Every structure is written in C-alpha cells, then in structure tokens.
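Biologist: Before I rely on the descriptive words used for this protein, I would like to hear the reasoning behind them. Could we go through the terms one at a time and set each against its criterion?

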Amino acid sequence: MTDTQYLSDWRPYPYEITETRLEFRLDPRATRVRSQIDFHRISEGNLVLDGAGLKTLALAIDGTPLDLSLLPESGETLVIPADSLPESFTFEAEVEIDPEANTSLEGLYLSGGMFCTQCEAEGFRHITWYPDRPDVMAPFTVTVHSEMPVLLSNGNPVSEAPGKAVWHDPWKKPAYLFALVAGDLRAISDKFTTMSGRPVDLNVWVRPGDEPRAGYAMESLIRSMKWDEEAYGREYDLDVFNIVAVDDFNMGAMENKGLNIFNSKLVLATAETATDGDYERIEGVIGHEYFHNWTGNRITCRDWFQLCLKEGLTVFRDQQFTSDMRSAAVKRIHDVQTLRARQFREDAGPLSHPPRPDHYQEINNFYTATVYEKGAEVIGMLKRLIGDADYRKALDLYFDRHDGQACTIEDWIKVFEDATGRDLTQFKHWYTDAGTPRLALTEEWSGGSLTLNFRQATKPTPGQAEKPARVIPIVLGLIGPNGDEVLPTTVLEMTEAEQSFRFEGLGARPVVSLLRGFSAPVTVAREMTADEQALLLAHDTDPYARWQAGHDLALDGLIARAKGQEGGAEFIRAIGGVLDDAEADPAFAALCLALPGEEEIATTIAASGVVPDPDAIHSARRSLMQDIAQAHEPALAALYDAMTPIGPYVPDAEGSGRRSLRLAALAYLSRLDNAERAEALFDSAGNMTEREGALGQLIAAGRDADALARFEAEFRDNRLVMDKWFTVQPLRSESHLAVARAKDLAKRPDFDWKNPNRFRALIAGVTSNHAAFHAADGSGYDFVADWLMKLDPVNAQTTARMCSAFETVWRYDATRRAKAKAALERIAALPGLSRNTSEMVTRILAAST
Ligand code: TRP
Ligand code: ZN
C-alpha cells in the first residue's frame with residue numbers, strides 16, 4: 001500500500017523550467033518520446049523527476065549521457081543529486097512507451113485507432129520523466145512524427161508537413177495540461193473574434209462521418225467564449241482552439257491548453273440520438289472546459305489538495321453560464337438536486353472529506369462531488385455574502401494578481417479579503433471542514449413579532465471530530481397567510497452555533513420561506529404543517545423555495561407510506577394547483593410533479609435515525625404515483641396532449657421544458673393506461689428525449705420486448721445511443737428483475753466493458769436502481785463487485801470511482817450490511833488490487849458496523 005500524501009508536506013520545487021521540448025515518434029506498440037527540458041536552479045535540492053512504466057533508453061545532462069543505473073529499480077522517482085548539476089542545464093531523455101497496451105486511459109493511449117492523451121492528474125509521468133506536479137510550469141514545443149493525417153498538440157501550430165507537425169504553446173503550463181492527438185479526424189470549423197479583435201480558428205474534431213453531429217458543440221463553444229468575455233472580462237489567448245471527441249475516456253472532458261479532449265458523449269448530438277439532458281450537458285461541459293482556460297490553466301493549482309480552486313470555481317462559472325443561456329430557476333433546482341444526490345450523500349458516509357482535503361492516497365479518488373459541486377456552492381455563498389459587485393471586483397483582482405501562477409485556497413481567500421476588507425477566517429471552514437451542517441429552526445410568535453431561533457450542528461466526519469460553527473448565509477422571505485409576501489428576500493448572516501433574528505410589526509403570523517435560492521449547502525430541520533408547505537408551494541416568490549416546499553410535502557407523504565402509515569393526501573391535493581398552472585411554466589411544473597427518488601427517501605429516513613427499507617420505499621413511491629395518477633387523470637391527460645411538440649425540435653429551455661412536462665405526465669398516465677400512450681409515443685416520436693422517456697415507461701410496465709428490439713435494430717451502430725439502451729433496462733426494470741437482466745446484457749458481444757461509457761451504462765443502471773442494488777439477498781452487491789473486480793486490472797480509475805455506489809450501504813439493515821461487507825471484502829482481497837480501488841474500499845470498510 002502506497003503512502004499517504006499530506007498537504008503539510010508540500011515543498012517548493014527547487015528548479016524552474018524555461019522550456020520543455022518534446023518529440024514524439026508515434027507507433028502503436030513502441031512510441032519513442034525524446035524530451036529536452038531546460039532547468040534553472042532556484043533553491044537547494046536534488047532534481048526529482050517522476051516516471052511510471054517507462055522503458056528508458058537514454059538520459060543526459062547537457063549532452064553528457066547519464067549512467068542508467070540511476071534509474072529506480074521500482075517506484076516512480078528518478079533523483080539526480082544537486083551537486084552533480086550546474087545552475088542551468090538541459091535534461092534529456094529518450095523513452096519508449098506502448099500506447100496499445102495502455103487500457104488505463106491515462107498517459108498516451110489508443111482509442112478507436114487514434115492516439116490521444118490524458119494527463120490530469122498524474123498521467124504525464126506515463127509519457128516521460130518530468131516534474132509531474134502542477135506548480136512546475138513551462139512553455140512547451142512539441143514535434144509529432146506520425147503517418148496519421150491529423151496531428152495536434154497544445155498552443156499554436158508552427159509547421160505542418162506530411163508525417164510531421166510542430167506545435168508551440170507560449171503560455172507556461174504544468175504537465176497535466178499537456179495533450180497530443182493523432183488520428184484520421186475531420187473537423188467542423190468556425191471562427192471567433194475576441195473582444196480585443198484577435199481572430200481565433202475553432203475546430204471540433206470527430207471521426208469521419210460524425211461531422212453532422214458536432215454542430216451543437218461548436219455553437220456551445222462560441223457561446224462560451226462570448227459569455228466569458230461579458231461575464232468575467234476573460235478573453236481567449238491563442239490563435240486556435242481545438243476540441244477532439246474520443247470514445248474511450250474515463251471522465252467527461254479535459255481542459256488541456258488549446259486542445260480540449262472530450263468524451264464523445266459530450267460532443268455528438270442530433271435530435272434523433274441525444275436527449276434534452278444530453279444537449280444541456282454538452283453546452284455546460286463545453287463551457288466548463290473552455291472556462292478552465294482562465295480558471296485552471298492561466299491560474300492553476302499549487303498542488304492537488306487545491307483542486308477545488310480550479311474545479312469549484314469552474315463549476316460555479318459553468319452553472320452561471322447555463323443559467324444565463326437557459327432558465328435560471330430550473331438550473332438552480334437541478335443543481336440543488338445534484339448536490340443533494342451526490343454531495344450530501346458523500347458527506348453523510350465514509351467518504352466524507354472537505355472541499356480542500358489535507359491528505360490522500362490516490363488523487364484520482366478526489367475528483368468528487370465535494371470538490372466540484374460543494375466547491376462551487378462555497379463560491380456561491382461568498383458571492384451571496386459580499387454581493388455581485390464585490391464578487392466581480394474580487395475576481396478581477398484574482399486574475400490580475402495571480403495570472404501565470406500556481407495558487408492555493410489561501411491565495412483565493414486573501415483576494416476576497418483584500419477586495420472587500422472582510423475577515424474570512426471563519427468562512428474558511430467551508431473549505432477545510434467536512435460534513436453537511438444541519439440548520440434547525442424554531443419560531444416564536446407574539447404580538448406581531450416573529451423570532452427565528454437558528455441552531456447549526458455538523459456531525460463528526462472521518463478524522464474530524466470537532467466542528468466549529470460556520471458562516472451561513474440564510475436567505476429568507478416571509479409569506480403572509482393570504483399568500484402575500486410580507487418580507488421580501490433578506491440575507492441573514494449566521495456566525496454562531498445558535499443565533500436568533502427578530503422581525504417586528506407583522507400583522508398575522510407569516511410562513512418563513514427559508515433558504516431561498518438554496519443559499520447554503522445545509523440540511524434544514526424545522527416543523528412545518530402540510531398547510532404551510534402547500535401555502536409556499538402555491539405562493540412563494542422564490543422558485544427554488546416554492547419547489548422545495550412541494551418536494552418536502554411529497555417527501556413527508558412518502559416517508560409516512562414507507563413506514564406503513566397513511567400519507568401524501570396533502571401533496572395529492574397540492575398537485576392539483578400545480579397542474580392548473582402548469583402550462584405557464586412547463587419546466588417548473590415538471591420539476592414539481594417529479595416525486596423524490598428512492599435514494600433521496602432512503603437518505604432522509606436514515607438522517608432521522610431510522611433504518612430505511614428499500615422495498616418499502618419502492619412500494620411507497622409506486623403507490624403515491626398511482627394515487628396521484630388516479631386523482632388527476634383528466635388534468636394529466638390534457639397536459640400530455642397540450643405539450644405535444646409544435647414545430648421542429650429545438651434543444652432550448654422552452655422546448656425541453658415542454659418535453660419534460662409531457663414526460664412527467666406520461667409517467668403517471670402509464671400507470672393507468674398500461675403504457676398505451678408510451679407505446680404510441682415510442683412509435684411516433686422523432687426525438688430521443690421522448691423516445692427514451694417512452695421506452696422507460698414500457699420497461700417499467702413490462703411490455704418492452706418489441707420496443708427494445710426495434711430500438712436496437714435502429715441504433716446498433718451508434719455507441720452512444722446503445723449506451724442508453726444498456727442503462728435503461730436495469731434502471732427501469734422492476735427491482736427483482738434488474739440484476740438478472742443486467743447479467744444477460746453483460747453476455748452480449750457488444751457489452752464492450754473496457755469502454756468506460758459502456759461499462760458505466762450497464763453497471764450504473766443497476767446501482768441507480770435503488771431497490772435492485774440494495775436487494776436483501778445481496779445479488780446487486782455481488783453483481784457490481786464481480787464487475788469491479790474484473791475492471792480493476794484494466795482501468796483502476798473508473799473502477800475506483802464506481803466503488804462509491806457502496807458508500808451508503810451501512811445505513812441499511814444487518815442482513816444487507818453483511819452482504820455488502822462480504823462483497824467489499826472480496827474486492828479488497830483481489831490479488832494485485834490497484835491503489836485507487838484499494839483506497840476506496842478501505843475507506844468504506846473502515847466505517848462498517
Ligand atoms: N479536469 C477535468 C475537468 O474538467 C476532469 C478530469 C480530471 C479528467 N481527471 C481526468 C477528465 C481524467 C478525464 C480523465 O473537470
Ligand atoms: Zn473541471
């Protein structure tokens with residue numbers, strides 16, 4: 001087991017690099033990499049270089065060969081003693097690597113016959129010897145020799161001839177932002193002129209034949225470039241911007257300087273093959289990677305503990321972008337849903353960690369919801385506390401002060417302190433402390449004055465027993481009993497563990513519309529009657545708070561039903577009002593109609609100290625859906641018809657809002673019409689959003705054989721669409737059938753499990769089916785564990801990431817816990833288990849009971 005890395009162990013690198021020159025001779029089995037790195041000593045210390053899995057052919061300093069006995073026998077560091085080095089020198093290496101054997105999709109590898117790279121976080125060491133740490137930055141010149149028709153690297157093209165291309169990136173960057181692509185690719189191209197008049201050539205590179213599917217990615221790129229100029233004053237800084245789509249990729253996309261590499265599912269889209277959700281994600285992730293050019297690349301991280309410096313900020317920026325391009329209210333609600341489903345879940349279990357962790361074994365395991373999504377929420381809170389103008393001022397200062405540097409969270413906080421004059425010492429706990437605070441509210445009403453008593457508490461998390469009080473921006477309003485807003489949106493700043501705020505001169509007792517806009521990533525504990533919730537659902541002026549009120553009402557009903565009690569009557573009644581107003585804002589109505597998922601119900605039950613029963617939760621949700629459908633059939637049917645698409649498919653907020661409402665109505669109606677409408681929709685729909693939605697209902701209703709066969713016949717040659725086909729079957733099947741179904745699917749020749757998209761499609765289809773994954777007989781756990789054990793030797797990164805499916809298992813009953821523990825222990829015992837997976841399984845098992 002490899003040692004733990006600690007934040008406190010960081011030391012500056014004793015050399016700076018003035019230039020890095022790389023020369024690649026590409027060959028699938030034996031690629032040669034020659035490097036020349038110009039070093040200059042800046043402080044005392046040996047030259048330490050990282051390398052992994054390299055066949056080293058030669059090393060030299062200033063042309064004098066080095067004795068290869070310096071090379072480590074095992075391990076990944078090459079140490080050249082300082083006393084053998086002049087103050088300035090050129091280090092040279094020639095190594096050989098085998099891209100075809102590289103299944104980890106880290107370093108240089110082949111995807112569908114094309115060479116590509118992935119270097120974040122520590123992939124560059126698989127390419128050649130280098131100080132593979134983000135605080136060592138350099139300009140790069142890269143020469144690529146290959147017979148492939150298209151040869152790309154970072155920066156601007158210098159020269160191009162058949163078989164050879166030279167690229168120069170003048171902006172100094174760390175090795176994790178290096179990229180190289182070589183393949184038979186076609187571009188769709190456009191141009192952008194920056195705000196200062198600089199022309200930029202834009203290309204989205206895809207496999208021949210995929211060009212017609214790349215247009216939306218290009219439009220999204222242009223919108224991103226424009227938006228960053230307008231919202232942040234940030235301009236692009238090279239002559240070209242290239243995006244390449246690859247099929248084999250561990251994550252979503254990567255912000256390599258001037259050469260972003262994308263999972264093809266985040267580039268390729270047509271109405272017939274991509275859903276509204278896919279389009280929204282494409283726009284958001286194209287934006288995200290583009291925005292990294294300033295928040296990540298021009299200003300990067302000093303070390304990997306600071307990952308949220310670039311990721312939290314860039315997620316925050318892509319969220320702002322999407323909310324400007326689409327509907328701000330819908331985007332905020334989506335983001336809250338994701339945060340709760342992924343980050344609150346993470347924070348409540350054994351993998352809980354702060355946005356800025358202070359130790360890790362494998363950094364790839366820290367590309368988490370906490371670093372990304374909570375990192376973004378923390379910035380949202382800062383902005384809420386200081387206001388928009390000061391936020392912009394602080395960001396201007398950040399870009400001014402730190403351009404070209406590798407920074408820390410301390411640097412970031414200092415910028416806000418200097419720009420606003422505030423002391424942010426207490427605020428910093430949001431970065432350094434793990435766990436989701438619970439905010440409890442009790443109210444006192446007397447003589448026209450309302451006192452709100454808040455109390456905050458955070459449970460201990462692994463390694464952090466003490467939880468000092470946080471600064472919590474509490475945004476609220478007050479709604480009178482007749483539905484009028486008697487106090488408009490107000491920001492309270494809570495800094496103590498317990499704190500009270502008083503509102504006077506009120507006529508009648510109002511209802512508190514709490515945490516408007518989801519003003520802080522906390523859970524809320526307060527007593528509310530169903531009538532009060534219904535009042536907010538009907539009258540709140542804040543769309544998030546309105547939605548949340550309905551959501552809580554539904555959740556209360558579902559939890560009562562899961563406990564075998566009556567529940568949900570008030571929600572069923574309140575839904576009537578939502579349906580009456582639905583056509584005015586279809587997207588919002590669709591969000592209100594969607595019941596909380598089984599996972600969220602389980603989380604809420606567990607948080608109250610009760611052991612959740614997955615089967616009871618499943619039946620509770622089904623029965624409430626049935627009752628809602630029966631109570632509102634005419635209105636639902638009318639809405640379903642009213643939301644019939646008009647005109648051609650447009651993947652914008654309005655069109656997708658109508659489709660989401662139509663599908664929300666369909667989900668209810670399918671309980672009553674035995675999926676008759678779903679079948680008709682499946683037959684007639686011209687877009688994947690409705691097709692996939694209808695297919696899900698057909699599967700849930702158990703009348704899917706014909707539709708699945710037709711879907712397959714139509715799309716068998718489209719990997720991305722077939723991924724949906726693989727997911728939807730285990731996901732939407734009745735829980736007792738899902739694992740058997742997934743096992744059959746896994747036997748198909750097109751279950752190309754070494755492809756991360758295909759692997760995730762099937763396995764996450766099971767893990768996202770709550771009652772199936774947590775089946776009492778352990779079949780879900782075993783199925784997933786078997787596949788993780790099979791994937792680990794091939795692709796440790798993706799295996800480790802998917803272990804998080806197990807992070808909630810200790811909250812279930814003893815039978816399930818024992819099954820989960822046995823499955824995890826089997827993984828832990830796998831001979832040669834990767835460091836990635838070992839760390840994840842160890843952390844989860846450490847909390848087993
Ligand atoms: N930095 C990437 C982002 O934009 C994510 C990333 C980190 C990544 N490691 C990766 C992507 C490995 C693909 C493969 O969030
Ligand atoms: Zn990112």
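Modeller: What follows is a discussion of the metal site, the ligand surroundings, several buried residues and some backbone features, all taken from a predicted model.

Biologist: Let us begin with the metal: what makes His288 and Glu311 count as donors of the zinc ion (ligand 2)?

Modeller: The zinc ion (ligand 2) is coordinated by His288 (NE2), His292 (NE2) and two OE atoms of Glu311, at 1.9 to 2.8 Å, and the criterion asks for N, O or S atoms within 2.8 Å of the metal. Along the chain, the donors of this ion follow the spacing H-x3-H-x18-E.

Biologist: Why is the arrangement around the zinc ion (ligand 2) called irregular?

Modeller: Six donor atoms surround the zinc ion (ligand 2), and the angles they subtend run from 49 to 160°. Six donors count as octahedral if opposite donors are over 155 degrees apart and all others between 65 and 115; an angle of 49° fits neither condition, and the arrangement is therefore irregular.

Biologist: How do you know whether the two histidines at this site, His288 and His292, are buried or exposed?

Modeller: Buried means under 20% relative accessible area. His288 has 7% relative accessibility and therefore counts as buried, and His292, with a relative accessible area of 0%, is buried too.

Biologist: Which residues come nearest to ligand 1, and what polar pairs involve Glu255, Glu311 and Tyr372?

Modeller: Of the 15 residues around ligand 1, the nearest are Glu120, Glu255, Glu289, Glu311 and Tyr372. A polar side-chain atom of Glu255 lies 2.7 Å from a nitrogen atom of ligand 1, while for Glu311 a polar side-chain atom is 3.1 Å from a nitrogen atom of that ligand. In the case of Tyr372, an N or O atom of the side chain is 2.6 Å from an oxygen atom of ligand 1. Glu311 also serves as a donor to the zinc ion (ligand 2), and Glu120 is joined to Ala121 by a cis peptide bond, with omega about 0°. Ala121 itself lies in the loop between strand 10 (114–118) and strand 11 (138–145).

Biologist: Why is Arg811 called buried, and what makes its pairing with Glu599 a polar contact?

Modeller: The relative accessibility of Arg811 is 17%, and because this is under the 20% cut-off, the residue counts as buried. Its place is in the loop between helix 25 and helix 26. The side chain of Arg811 makes a polar contact with the side chain of Glu599 at 2.9 Å, and another with the side chain of Thr603 at 3.2 Å; a polar contact requires a pair of N or O atoms within 3.5 Å. Beyond four places in sequence, Arg811 also touches other residues, including Ala602, Val611 and His770.

Biologist: What makes helix 27 (residues 835–845) largely enclosed?

Modeller: Nine of the 11 residues of helix 27 are buried, so the rest of the structure largely encloses this helix. Among those buried residues are Asn836, Met840, Arg843 and Leu845, and the buried set packs against strand 22 (359–360), helix 25 (796–802) and helix 26 (814–828).

Biologist: How do you know that Lys374 and Ile575 are buried?

Modeller: Lys374 has 1% relative accessibility and therefore counts as buried; this residue lies in helix 5 (residues 369–386), and among its contacts outside four places in sequence are Asp347, Trp430 and Arg470. Ile575 has 0% relative accessibility and counts as buried by the same cut-off of 20%. Ile575 lies in helix 11 (residues 569–581) and touches Cys592, Leu593, Ile628 and His632, leaving aside residues up to four places away in sequence.

Biologist: What is notable about phi in Leu515 and Phe518?

Modeller: Leu515 has phi near 60°, a positive value in a residue other than glycine, and Phe518, likewise not a glycine, has a positive phi of about 50°. Leu515 lies in the loop between strand 29 and strand 30 (523–526), where Phe518 is also found. At 2% relative accessibility Leu515 counts as buried, and Phe518 is buried with a relative accessible area of 1%.

Note on methods. Residues numbered from 1 in each chain as written. Chains lettered and ligands numbered in written order. Predicted model: local features only at pLDDT ≥ 70, side-chain atom pairs only at ≥ 80, totals over all residues. Heavy atoms only, no water. Donors = N, O, S within 2.8 Å, 3.2 Å for Na, K, Ca; no water. Tetrahedral: all angles 85-135°; square planar, octahedral: opposite > 155°, others 65-115°. Buried < 20%, exposed > 50% of the residue type's maximum accessible area, 1.4 Å probe, protein only. Helix = DSSP H or I, 4+ residues; strand = E, 2+ residues; numbered from the N terminus. Contact = heavy atoms within 4.5 Å. Polar contact = N/O pair within 3.5 Å; in protein donor to acceptor, adjacent residues only side chain to side chain. Near = heavy atom within 4 Å.
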